[in-house]
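Biologist: I'd like a close look at one part of this model, the place where the ligand sits. Could you walk me through it and then through the parts of the fold around the chain?

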Amino acid sequence: MSATTEVLDLSAFDQHAGNAGEPAPPTGRQVAVVGAGVAGMACAIRLALLGNGVVLYEARSRERMLETPPADLSERESFERMVAQGRIRCEYGRKLGLNLALADLHLWHDAVFLGVGLASSRVLALSGSAPAGLFDAGQRVAAVQALDDLLALPVPQRAIVIGASRGAVGMAARLKQLGAQDVTLALRHALAPDGREEEVARACFVRVRGWVAPLEVLRDERGAVETVRFEQTRMLGGRVVDTGGFTEIAAHAVFKAVGRAAGPELDPLVPGQSREGDRIEVDGRFRTALPGIYAGGDCVAPRLEATQARRHGLQAAQAIHADLLA
Ligand SMILES: Cc1cc2nc3c(=O)[nH]c(=O)nc-3n(C[C@H](O)[C@H](O)[C@H](O)COP(=O)(O)OP(=O)(O)OC[C@H]3O[C@@H](n4cnc5c(N)ncnc54)[C@H](O)[C@@H]3O)c2cc1C
């Protein structure tokens, strides 16, 4: 799945309503757009022109945002016109993961577009991308909360990284460097005692906890991660097997770094997880693994040019609009 697969044809739509055109009649739908960067701005304007109500949530203050010269002056003018007409409502100083929760946005709006740029995908990079196909509709709220956990800023005080790869060790070390006080690397077997990974973990004061397999994440009454429950493992006949003993490790966040090839037997918390590096994973219509949540711009494909990020925003808006009216 890739956002770079440009499956949406905008040409017919552009004739009907470009960003300077007259807005379509109201659809009665409301979409949250997070991030007033290139992708978010384009998405918000286009959604509003299509007749949808838009609430734009931006981490910066309005003053800070206006200090940044617009990539496209006419787009900034369209945006201000939409705001004046009440078609776009702006909430500044609202930072997803800090004073804004994805689960709430999901409840308040018919759809959510994430255009948070590189800043948050850096955090997502620590935790792996949103796992495609992991959650079914019945687990929707849990899934949204899981993505909130991934976006949560600042760095959690107590974290668990699950995995034994070099990437997992690097992730644990980076969490420590970013200020996490207590980071545990949990793995089903032991790290090679004289290997480079062990050296890095020790140098960064990462606690290594071998011979445990994750079973479930326990949450407090507010849904925040509290503890991870593990089954103890051991080696038997050259294979790692469960012992039937259990243990729990307290944590504010859990980062899974079990790699693309990992199946349920390696990581029971994330059956079928796929991981594609430092970005939110989306399909060709900018849909994340979570129903009703879309993403585009640098947070799905880092180091885009501004024109590409803008196109993401426009295409995502069209996809969201089509899905809402389907
Ligand atoms: C140094 C530099 C130079 C560049 N030069 C060029 C160039 O010359 N030409 C070119 O075409 N491209 C250039 N680019 C690339 C271009 O800037 C990006 O493609 C484009 O900005 C990506 O748009 P975006 O909307 O995805 O992210 P951004 O434009 O980064 O917007 C993200 C928005 O989300 C907000 N945000 C972030 N986190 C949160 C959160 N948790 N909650 C709420 N809001 C949040 C941010 O405040 C920001 O407003 C450059 C990029 C960089 C870093």
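Biologist: To start with, which polar side-chain atom lies 2.9 Å from an oxygen atom of the ligand?

Modeller: That one belongs to Arg60: a polar atom of its side chain is 2.9 Å from a ligand oxygen. Keep in mind that this is a predicted model, and every value here is computed from it. Taken by itself, the ligand exposes 1,000 Å², and the protein buries 61% of that. Three elements each give two or more residues to the shell around the ligand, namely α2 (38-49), α6 (117-127) and α10 (306-325).

Arg60 has company from the backbone. A backbone N or O atom of Ala39 lies 2.8 Å from an oxygen atom of the ligand, and a polar backbone atom of Ala59 is 3.3 Å from a ligand nitrogen. Ala39 also turns up in the list of closest residues, along with Glu58, Leu96, Asp298 and Leu304. The whole surround comes to 22 residues. By type, that shell splits into 10 nonpolar, 6 polar and 6 charged residues.

Now take the shell elements in turn, starting with α10. This helix has 20 residues and spans 29 Å from its first C-alpha to its last, close to the 28 Å expected at 1.5 Å a residue. A good run of α10 is buried, including Ala309, His312, Gly313, Leu314 and Gln315. Further along α10, the buried residues include Ala316, Ala317, Gln318, Ala319, Ile320, His321 and Leu324.

Next comes α2, which is where you'll find Leu49. What is the accessibility of Leu49? Its relative accessible area is 0%, so Leu49 counts as buried. Leu49 also has a partner from elsewhere in the chain: Met82 is 33 residues away in sequence, yet the two C-alpha atoms are separated by 8.4 Å.

From the helices, move to the strands. Strand β2 covers residues 53-58, and Glu58, one of the residues closest to the ligand, falls within that range. Of the 6 residues in β2, 5 are buried, so the strand is largely enclosed by the rest of the structure. β2 pairs with strand β1 (residues 30-34) in the parallel sense, over 5 bridges. If you want a spot to anchor your eye on that pairing, Val31 stands opposite Val54 in β2.

A second set of parallel strands shows up further along the sequence. Strand β5 (residues 158-162) has 4 of its 5 residues buried, so β5 too is largely enclosed by the rest of the structure. β5 pairs with strand β6 (residues 182-186), again parallel and over 5 bridges. Two of the matches to look for are Arg158 with Asp182 and Ala159 with Val183.

β6 itself is mostly covered, with 5 of its 5 residues buried. Which residues lie on the two faces of β6? Asp182, Thr184 and Ala186 are on one side, Val183 and Leu185 are on the other, and all of these are buried. β6 also runs parallel to β7, with 3 bridges joining the two. There, Thr184 has Arg207 in β7 as its bridge partner.

Just before β7 there is a backbone detail to check. Phe205 sits in the loop between α9 (196-203) and β7 (207-209). Phe205 has a positive phi of about 60°, although it is not a glycine. Phe205 is exposed, with a relative accessible area of 67%.

Phe286 makes a handy comparison. Its phi is positive as well, about 65°, and it is not a glycine either. Phe286 belongs to the loop between β11 (253-256) and β12 (293-295). Is Phe286 buried or exposed? Buried, with a relative accessible area of 0%.

One last stop is Arg234, in strand β9 (residues 225-236). At 41% relative accessibility, Arg234 counts as partly exposed. Measuring along the sequence, Arg234 and Gly210 are 24 residues apart, while C-alpha to C-alpha they are 9.5 Å apart in space.

To come back to your ligand, the place to begin on screen is Arg60, with its polar side-chain atom 2.9 Å from a ligand oxygen. From there, go to the backbone of Ala39, 2.8 Å from an oxygen of the ligand, and then to the backbone of Ala59, 3.3 Å from a nitrogen of the ligand.

Notes:
Residues are numbered from 1 along each chain as its sequence is written. This is a predicted model: local features need pLDDT of at least 70, side-chain atom pairs count only at pLDDT 80 or more; totals for chains, interfaces and linings use all residues. Side-chain values use heavy atoms; hydrogens and water are left out. A residue is near a molecule or strand if one of its heavy atoms lies within 4 Å of it. A polar contact is a pair of N or O atoms within 3.5 Å; within protein, one must be able to donate a hydrogen and the other to accept it, and residues adjacent in sequence count only if both atoms are side-chain atoms. Accessible areas come from the Shrake-Rupley method with a 1.4 Å probe; for residues, only the protein chains shown count as cover. Ala, Val, Leu, Ile, Met, Phe, Trp, Tyr, Cys and Pro count as nonpolar, Asp, Glu, Lys and Arg as charged, and the others, Gly among them, as polar. The expected span of a helix is 1.5 Å times one less than its number of residues. Buried means under 20% relative accessible area, exposed over 50%, partly exposed in between (1.4 Å probe, protein chains only). Two strands pair if DSSP finds at least two bridges between them.
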